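Open the model in your viewer and get ready to click along. We'll go stop by stop, selecting a few residues at a time.

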Amino acid sequence: MCDLVARTGRHQQRYEAGCRLVAGCIPFRYKNSDETGDVNSEKIIEVLMINSPSGPGLLFPKGGWENDETVEEAAVREAVEEAGVRGELMDFLGFYHFKSKTHQDEFSPEGVCRAAMFALFVKEELESWPEQSTRNRTWLTVAEAFVSCRHAWMREALQDGFSKWHAEKMISARNDVTLSC
């Protein structure tokens, strides 16, 4: 049984200019390319995706940004509630707009949402989490995740946000090593 409880309801939901404000993340980890555990082996990036109880395809954790939290706190909360992971929230990847078929209300009658997405380096996978009865988590390579993404905006966040961010981080890290030698 999980001691954590997922937030529900819309009474604290943030809106701006007719858009429902959403926060989410692309959880990731590194895996050795071989199973020997050799620290010199090439690292493979894996991203964590979850299923949706409302249909096929996989998603990244995301949900409503509420009035009593920062956007970063909302992204971290959604990762715990939906995917059962904790870690280090890295950089902001961008804003992504989409239309929700299920979340149309008086403040966003068209169901327009604006998601702030972040990279989350996973340090802990929880054994139990608030939405584990309705969600399964799956680790995938970036290429596998791109194909499995249910929504075009999430593919865009993965490719144009996360993948570009990660490539820039790796170039910067290599330059830092070169400069320090």
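**Stop one: a strand and its neighbours**

Start by selecting residues 19–32 and 43–52: these are strands β2 and β3, which pair in the antiparallel sense over five bridges. (Strands are DSSP E runs of at least two residues, helices are H or I runs of at least four, both numbered from the N terminus; two strands pair if DSSP finds at least two bridges between them.) Before going on, note that this is a predicted model, where local features need pLDDT of at least 70 and side-chain atom pairs count only at pLDDT 80 or more, while totals for chains, interfaces and linings use all residues. Residues are numbered from 1 along each chain as its sequence is written, and side-chain values use heavy atoms, with hydrogens and water left out.

Zoom in on Tyr30, which stands opposite Ile45 in β3. Now add residues 137–141, strand β8, which pairs with β3 in the antiparallel sense over five bridges. Click Ile50: Arg137 in β8 stands opposite, and in β4 the bridge partner of Ile50 is Leu59. β4 itself is residues 55–59, antiparallel to β3 over three bridges, and a hairpin joins β3 to β4 through two residues.

Is β3 largely enclosed or open? Seven of its ten residues are buried, so β3 is largely enclosed by the rest of the structure. (Buried means under 20% relative accessible area, exposed over 50%, partly exposed in between, using a 1.4 Å probe and protein chains only.)

**Stop two: salt bridges**

Show Arg29 and Glu46 as sticks; they form a salt bridge, with the closest N and O atoms 2.7 Å apart. (That term takes a side-chain nitrogen of Lys or Arg within 4 Å of a carboxyl oxygen of Asp or Glu.) Arg29 lies in β2 and Glu46 in β3, so the pair ties together parts 17 residues apart in sequence. Arg29 is partly exposed at 25%, whereas Glu46 is buried at 8%. Add Lys31, Glu125 and Arg137 to see the network of salt bridges that links them with Arg29 and Glu46.

Next, pick Arg77 and Glu81, another salt bridge (3.4 Å, N to O). Both lie in helix α1 (residues 71–83), four residues apart, about one turn of the helix, and both are buried.

**Stop three: the core**

Finish with Ile26, Val47, Phe60, Met117, Leu158 and Phe162, the residues with the most contacts inside the largest nonpolar core, which has 42 residues. (Such a core is a set of buried Ala, Val, Leu, Ile, Met, Phe, Trp, Tyr and Cys residues joined through side-chain atoms within 4.5 Å.) Its largest share, eight residues, comes from strand β7, residues 112–125.
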